[in-house]
Amino acid sequence: SIADEARVRGVQLLLALKRFPEAKIEMDRFLGEFTSSPWRPVILIWQGEQMQFQENNPQAAVPFYEEVIISHPEYLGISAVRQRLRDILGSGS
């Protein structure tokens, strides 16, 4: 819908401006409100990246990447998400 896409663009703008705490709040809100949005995997990946790279906590990113893989297997960037998850979890995953 237009509403969820507008929210995604708002988050994207906050990330581009490096306003990470505000972006995280908006991403959390999005995930709570738009449970079936086609934009959900994008927000999940951004949340994972926020944890992995901005907060330097790769393990905290795992649930976000896993949800993309499990709940959104049709996502076009799924192979990159799988690779990122393998990099975090190690080669035995």
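Modeller: Contact here means heavy atoms within 4.5 Å, and the model to which this is applied is a predicted one.

Colleague: Which residues does Q50 touch, not counting residues up to four places away in sequence?

Modeller: Q50 is found in helix 3, which covers residues 40–54. Leaving out residues up to four places away in sequence, the residues that Q50 touches are L15, F20, K24, M27 and E55.

Colleague: Is Q50 buried or exposed, and which residue offers the backbone oxygen that the side chain of Q50 reaches?

Modeller: Because buried means under 20% relative accessible area, Q50 with its relative accessible area of 4% counts as buried. The side chain of Q50 reaches a backbone oxygen at 3.4 Å, and the residue that carries this oxygen is F20.

Colleague: K24 is among the residues that Q50 touches; with which residue does the side chain of K24 meet in a salt bridge?

Modeller: K24 has a relative accessible area of 18% and is therefore buried, whereas its partner, at 40% relative accessibility, counts as partly exposed. Both residues lie in helix 2, four residues apart, which is about one turn of the helix. The closing distance is 3.3 Å, N to O, and the partner of K24 is D28.

Colleague: How far apart, N to O, are the side chains of E5 and R9 in their salt bridge?

Modeller: An α-helix has 3.6 residues a turn, so residues three or four places apart point the same way. E5 and R9 both lie in helix 1 (residues 2–16), four residues apart. E5 is partly exposed at 34% relative accessibility, and R9 is likewise partly exposed at 38%. Their side chains meet in a salt bridge whose N to O distance is 3.9 Å.

Colleague: Which residue forms a salt bridge with E33, and which residues are linked with it in a network of salt bridges?

Modeller: The closest N and O atoms of E33 and R7 are 2.9 Å apart in their salt bridge. This pair links distant parts of the chain, with E33 in helix 2 and R7 in helix 1, 26 residues apart. R7 itself is partly exposed, with a relative accessible area of 23%, and the network of salt bridges links R7, E26, R29 and E33.

Colleague: What covers the buried residues of helix 4?

Modeller: Helix 4 (residues 58–71) has 14 residues and reaches 20 Å from its first C-alpha to its last, close to the 20 Å expected. Its buried residues are A61, V62, F64, Y65, V68 and I69. What covers these residues includes helix 2 (20–33), helix 3 and helix 5 (78–89).

Technical notes: Residues numbered from 1 in each chain as written. Predicted model: local features only at pLDDT ≥ 70, side-chain atom pairs only at ≥ 80, totals over all residues. Heavy atoms only, no water. Helix = DSSP H or I, 4+ residues; strand = E, 2+ residues; numbered from the N terminus. Buried < 20%, exposed > 50% of the residue type's maximum accessible area, 1.4 Å probe, protein only. Polar contact = N/O pair within 3.5 Å; in protein donor to acceptor, adjacent residues only side chain to side chain. Expected span 1.5 Å × (residues − 1). Salt bridge = Lys/Arg side-chain N within 4 Å of Asp/Glu carboxyl O.
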